[in-house]
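Biologist: I should like to learn how to read the packing inside a protein model. May we take one residue as a starting point and then turn to the helices?

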Amino acid sequence: MEYPAGHIQEREEEKRQAIEILESAIASIEGQKRAPDKWERVCLVRAMSCIFSGAYELAAMEAHLATTPSEERSPHATVPSGGVYDFGLDVVKTALEEARNAPVEPYTRFGPTILRPANG
């Protein structure tokens, strides 16, 4: 499939920015010398999932949400725990390295897009 001129470069930049924001969130938690709390874990998992799905802008948003101070988080948020959400930063850093080396998704798999292949 052919993409508009500059499309892949734009997607590479979106991915780079998402990874940079995720690295910053990880560094923030590490700088406090602690494990991520439930809120941060959920945001980090969603960010990683979005990166692997090609939803780079959404990944950046989730990574940014991971840095929300506890006093600014919704008191009504229901945050899952256990299972996939039970991990330390070493797991996120390993997944991040895999994401960094993964090829750029030429289109997002979320929402309507004119760039979605007919079989995608």
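Modeller: In this predicted model, let us begin with I51, leaving aside residues up to four places away in sequence. I51 then touches A18, I19, L22, Y56, A59 and A99.

Biologist: To what larger group does I51 belong, and which residues have the most contacts inside that group?

Modeller: In soluble globular proteins, nonpolar side chains tend to be buried together. Here the largest nonpolar core holds 24 residues, and I51, L22 and L44 have the most contacts within it. Two or more core residues come from each of helix 1 (7-31), helix 2 (38-53), helix 3 (56-65) and helix 4 (89-101). Helix 2 supplies the largest share, namely seven residues.

Biologist: How should one describe the packing of helix 2 and helix 3?

Modeller: Two packed helices are described by the angle between their axes and the distance between the axes. For helix 2 and helix 3, the axes come within 8 Å and cross at roughly 165°. Angles over 145 degrees count as roughly antiparallel, and therefore helix 2 is roughly antiparallel to helix 3. The crossing is left-handed.

Biologist: Which residues meet where helix 2 contacts helix 3?

Modeller: From helix 2 come W39, C43, R46, A47, C50 and I51; they meet Y56, L58, A59, E62, A63 and L65 of helix 3. By class, this contact has ten nonpolar, two charged and no polar residues.

Biologist: What elements does the whole protein chain have, and how much of the chain is buried?

Modeller: The protein chain has four helices and zero strands. Of its 120 residues, 35% are buried.

Definitions and conventions
Residues are numbered from 1 along each chain as its sequence is written. This is a predicted model: local features need pLDDT of at least 70, side-chain atom pairs count only at pLDDT 80 or more; totals for chains, interfaces and linings use all residues. Side-chain values use heavy atoms; hydrogens and water are left out. A nonpolar core is a set of buried Ala, Val, Leu, Ile, Met, Phe, Trp, Tyr and Cys residues joined through side-chain atoms within 4.5 Å. Buried means under 20% relative accessible area, exposed over 50%, partly exposed in between (1.4 Å probe, protein chains only). Contact means heavy atoms within 4.5 Å. Axes are lines fitted to C-alpha atoms, for helices over the stretch in contact, and angles run from 0 to 180 degrees between N-to-C directions. Angles under 35 degrees count as roughly parallel, over 145 as roughly antiparallel, 65 to 115 as roughly perpendicular and the rest as oblique. A crossing is left-handed if the near helix is turned anticlockwise from the far one by less than a right angle, and right-handed if clockwise. Ala, Val, Leu, Ile, Met, Phe, Trp, Tyr, Cys and Pro count as nonpolar, Asp, Glu, Lys and Arg as charged, and the others, Gly among them, as polar.
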